[in-house]
Amino acid sequence: MADDTRPANKPRLELLLEGGLFHARWLMAPFYVGLVVALGGLLFVFARKLLFALPTIGGMSAEEAILLVLSLIDLSLAGNLLLIVIFSGYENFVSKIDTANHEDRPSWMGTVDFSGLKMKLIASIVAISAISLLKAFMQLSEGEGVSERSLLWLVVIHITFVVSGVLLALMDWLAARADHH
């Protein structure tokens, strides 16, 4: 089948180069497969943490139970983050995922562009950071040893993530306004 969209005046070498660059996107596919393996690793850590905690749940204080739940939420958010990167990254940079309109296909799949992906990533990172900070405050309220220096760094890092997210959103908003003019 002939390619009717190919400009007649382009040199063959340029066409070959562009075709090679286009097909090079498949070099990203193993990265996404590796992230699926990492997701399996997170599932293992989640299951191990939950299984080891189950026998002790009856003797946990409210604070210990909350810390356990926060740890599980933290792992869940990291898993969600991985899924977003896997699906959106693959669809944006490699190829569309053909699910034949499967009823379980997430509604956001195929609609998250690179800008949206950045926002979802930073929002997940801020949430994970907030949970880590909350866990440190919970440990502090239980009288566990959390150094002031560690707490300070957790706060500084969290604020850095929040400010980065706001700046990324502002840059995207400015870029979108510039595109409309």
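Colleague: Let's start with α2: which residues there are buried?

Modeller: Buried means under 20% relative accessible area, exposed over 50%, and partly exposed in between (1.4 Å probe, protein chains only). In α2, that gives Ala29, Tyr32, Leu42 and Ala53. The helix label is a DSSP run (H or I, at least four residues), numbered from the N terminus. This is a predicted model, where local features need pLDDT of at least 70, side-chain atom pairs count only at pLDDT 80 or more, and totals for chains, interfaces and linings use all residues. Residues are numbered from 1 along each chain as its sequence is written, and side-chain values use heavy atoms, with hydrogens and water left out.

Colleague: Which elements have the lowest and the highest mean pLDDT?

Modeller: pLDDT is the predictor's confidence in each residue, from 0 to 100. Helix α2 (residues 29-53) has the highest mean, 96, and helix α4 (residues 114-141) the lowest, 83. The chain as a whole averages 85, with 93% of the residues scoring at least 70.

Colleague: What do the buried residues of α2 pack against?

Modeller: They pack against α3 (62-93). Leu82 shows some of the detail: setting aside neighbours within four places in sequence, Leu82 is in contact (heavy atoms within 4.5 Å) with Leu35, Ala38, Leu39 and Leu42.

Colleague: And which residues make up the largest nonpolar core?

Modeller: A nonpolar core is a set of buried Ala, Val, Leu, Ile, Met, Phe, Trp, Tyr and Cys residues joined through side-chain atoms within 4.5 Å. Here the largest has 6 residues: Leu42, Leu75, Ala78, Leu81, Leu82 and Ile128. The most come from α3, which gives 4 residues.

Colleague: Is Ser71 in α3 buried or exposed?

Modeller: Ser71 counts as buried because its relative accessibility is 12%. Its side chain makes a polar contact with the side chain of Lys135, at 3.4 Å. For that, N or O atoms must be within 3.5 Å; within protein, one must be able to donate a hydrogen and the other to accept it, and residues adjacent in sequence count only if both atoms are side-chain atoms.

Colleague: How many aromatic pairs are there?

Modeller: There are 2. Rings of Phe, Tyr and Trp (its six-membered ring) pair if their centres lie within 6.5 Å; planes under 30 degrees apart are stacked, over 60 edge-to-face, the rest tilted. Trp26 and Tyr90 have ring centres 6.2 Å apart and planes at 75 degrees, so they are edge-to-face. Tyr32 and Tyr90 are edge-to-face too, because their planes sit at 85 degrees, with centres 6.2 Å apart. Ring pairs thus link Trp26, Tyr32 and Tyr90 into a cluster.

Technical notes
Helices (H or I, at least four residues) and strands (E, at least two) are DSSP runs, numbered from the N terminus.
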